[in-house]
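Q: Can you walk me through this one? I have it open and would like to start with the ligand.

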Amino acid sequence: MLERTANRPRVVIVGGGFGGLTAAKALAGAEVDVTLVDRINHHLFQPLLYQVATGILSDGQIAPPLRSIFSDQTNLQVRLAEVTGFDLERRTVYAVTPDGERLTLPYEFLIVAAGSAHAYFGHDEWERFAPGLKSLTDAHLLRARILGAFELGAEAPHDSDRERWLTFVIVGAGPTGVELAGQIAELSRRLLGRVYGSMSAQNARIVLLDAAPTVLGSFPQRLQEIAHRDLAEMGVEIRTDAEVTGVDGEGVEAQDKSGRRFRILARTIVWAAGVEASPLARMLAQASGAKVDRAGRVEVHPDCTLPNRPEVFAIGDMISLDDLPGVAQPALQEGRFVAQTIRARLRGRSKRKPFRYFDKGTMAAIGHRQAVVDAFGVKFGGLPGVLVWGLVHVAYLVGWGNRLGIVGRWVWAIAARDRRELSISNTAQITAGHAFSEDGAASSSERAAVQ
Ligand SMILES: Cc1cc2nc3c(=O)[nH]c(=O)nc-3n(C[C@H](O)[C@H](O)[C@H](O)COP(=O)(O)OP(=O)(O)OC[C@H]3O[C@@H](n4cnc5c(N)ncnc54)[C@H](O)[C@@H]3O)c2cc1C
């Protein structure tokens, strides 16, 4: 709880994700009054979101409330509000609370860490049929679609309908797409035969599509090959060099390298293909004269400040700096760096040091027994990969309760071959986005082009 001290510099932090949370923690004990504003009440550990979507973890385990995290930090208050604008001249942030109250938040230092959102490459109409995975709401929707597809596929009167329910297309073969494809394959294997008696895992078709020539395009070639092999062994159909040209309630259309078009009929489509920066990045750019790149990220100075605004920092997924990727490590390290910069300024040190990134590597899980890791020049997969992946993720979670709880769930999922979070909270989500024909069967034109 904030104990306000007159005349202390005010720091406003926008966003309680990886970057904002780290900056806020690193300002604990500093002679400043910190206000952390977020439009959600929790810190979301996005790397494990797919495990909520596939029934392994519960919401609370990856999304502790910001107020609980900071209950002991006396120089910080949390505000639940959506930031709508900035007046950099007047050093003011504008926000609106869920009940419509307009907030005006003055600052001496501003840190903006508002992250990114899905990008549909100019086809926002696809979102309804192919939701992405970025929030707890997205994870619930996806879980409803996957489990709903099992429910309705098990009872479908026509084979063609059953096939559509049990075909899952994941667009985008980066780490999120690979992790989701692997988990849907495992879920099918675990659940279909045992719980939905009339079916077996063979009934499920999981297709991973990407316009790039390989899965995990940003990883070293050896790890791409391991991931490809592991996914194929799990039954995932990989279609690379396939650019998506259309998405609707009954499937996906794509085009291969030779220009040949094909269509996959599916009722569960997931978008894991691209992201763009928070709209706040463009607002900051317009207000400060900074540039934005093609992904809408604001270009910052080497010390993460905006042009002519040494008191305004932007960090994480929403910035363009040194070609750093939009993953957790840059956000975490930038958060710590800007907090240290503010502390140094408070001590009267005005020399501006550039941010230096320490590359700790990259990793992706494929299934319970497979993950690929590229860290400090060492590249490996298999069980050692899973162990390192698990340790690293647990280390970065917030709170010991969540760490232990999550390890418990993993052990349960492997040992008991079961998952604890398999409820559908809103059955309307199963069919939202589908366009049903009268008999539920494919039309003749669809049959012609189906693969
Ligand atoms: C499904 C998924 C899996 C991922 N897996 C990995 C992985 O395995 N490894 C890895 O390194 N990275 C992974 N990432 C990427 C990683 O999560 C991001 O790079 C990281 O979260 C970026 O941190 P950030 O602080 O910039 O933004 P975020 O963590 O996204 O935080 C942004 C915060 O700003 C808030 N916000 C946004 N707009 C406003 C507004 N207008 N007003 C108020 N608040 C606002 C949001 O609510 C959010 O809390 C994954 C991402 C996703 C979506």
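What follows is a short exchange on the ligand shell, the domains and some of the strands.

Q: Before the ligand, what kind of model is this?
A: This is a predicted model.

Q: OK. How many residues surround the ligand, and which are the closest?
A: The ligand is surrounded by 34 residues. Gly15, Gly17, Gly19, Gly115 and Gly316 are the closest.

Q: Which elements give two or more residues to that shell?
A: Four helices and two strands do: helix H1 (18-26), helix H2 (49-53), helix H7 (175-195) and helix H10 (328-346), plus strand E2 (33-38) and strand E4 (82-87).

Q: And the shell by class, what does it have?
A: There are 17 nonpolar residues, twelve polar ones and five charged ones around the ligand.

Q: Switching to domains. What does the assignment give for the protein chain?
A: Domain 1 covers 10-39 + 81-118 + 276-346, and domain 2 covers 124-273 + 368-437. Their centres, taken over C-alpha atoms, are separated by 32 Å.

Q: Which domains does the ligand shell draw on?
A: Domain 1 and domain 2 each supply at least three residues to the shell around the ligand.

Q: Now strand E1, residues 10-14. How many of its residues are buried?
A: Four of the five residues in E1 are buried, and the strand is mostly covered.

Q: What about E1 and E2, parallel or antiparallel?
A: E1 and E2 run parallel and are joined by five bridges. Within that pairing, Val14 of E1 stands opposite Val37 in E2.

Q: And how does the chain cross from E1 to E2, right-handed or left-handed?
A: The β-α-β crossover goes from E1 through H1 to E2 and is right-handed.

Q: How many bridges does E1 have with E7?
A: E1 pairs with strand E7 (residues 109-112) over four bridges, in the parallel sense. Phe109 in E7 is the bridge partner of Val11.

Q: Different topic: E12, E13 and E14. What order do they take in their sheet?
A: The order is E12-E13-E14, in an open sheet of three strands with antiparallel pairing. Strand E12 (243-248) and strand E14 (261-265) are the edge strands, each pairing on one side only. On average, neighbouring strands of this sheet are turned by 20° against each other, direction ignored.

Q: How many bridges between E13 and E14?
A: Five bridges pair strand E13 (residues 251-255) with E14 in the antiparallel sense. Gln255 stands opposite Arg261 in E14.

Q: Where does Arg260 lie?
A: Arg260 is in the loop between E13 and E14.

Q: Why does Arg260 count as exposed?
A: Because Arg260 has 9 C-beta neighbours inside 10 Å, and a residue is exposed at 12 or fewer.

Q: How far apart are the C-alpha atoms of Arg260 and Ala242?
A: They are separated by 9.5 Å, with the two residues 18 apart along the chain.

Q: Last one: E21, E22 and E23. What order do those strands take?
A: They form an open sheet of three strands in the order E21-E22-E23, and the pairing is antiparallel. The edges are strand E21 (362-365) and strand E23 (378-380), each of which pairs on one side only. Neighbouring strands here are turned by 5° against each other on average, direction ignored.

Q: And how many bridges join E21 to E22?
A: Four bridges join E21 to strand E22 (residues 371-375), and the two run antiparallel. In E22, Val373 is the bridge partner of Met363.

Notes
Residues are numbered from 1 along each chain as its sequence is written. This is a predicted model: local features need pLDDT of at least 70, side-chain atom pairs count only at pLDDT 80 or more; totals for chains, interfaces and linings use all residues. A residue is near a molecule or strand if its C-beta atom, placed from the backbone, lies within 6 Å of it. Ala, Val, Leu, Ile, Met, Phe, Trp, Tyr, Cys and Pro count as nonpolar, Asp, Glu, Lys and Arg as charged, and the others, Gly among them, as polar. Domain bounds come from an automatic or database domain assignment. Two strands pair if DSSP finds at least two bridges between them. Axes are lines fitted to C-alpha atoms, for helices over the stretch in contact, and angles run from 0 to 180 degrees between N-to-C directions. A residue is buried if 20 or more other C-beta atoms lie within 10 Å of its own, exposed if 12 or fewer, and partly exposed in between; C-beta atoms are placed from the backbone. A crossover is right-handed if, with the strands pointing away from the viewer, the path from the first strand over the helix to the second runs clockwise.
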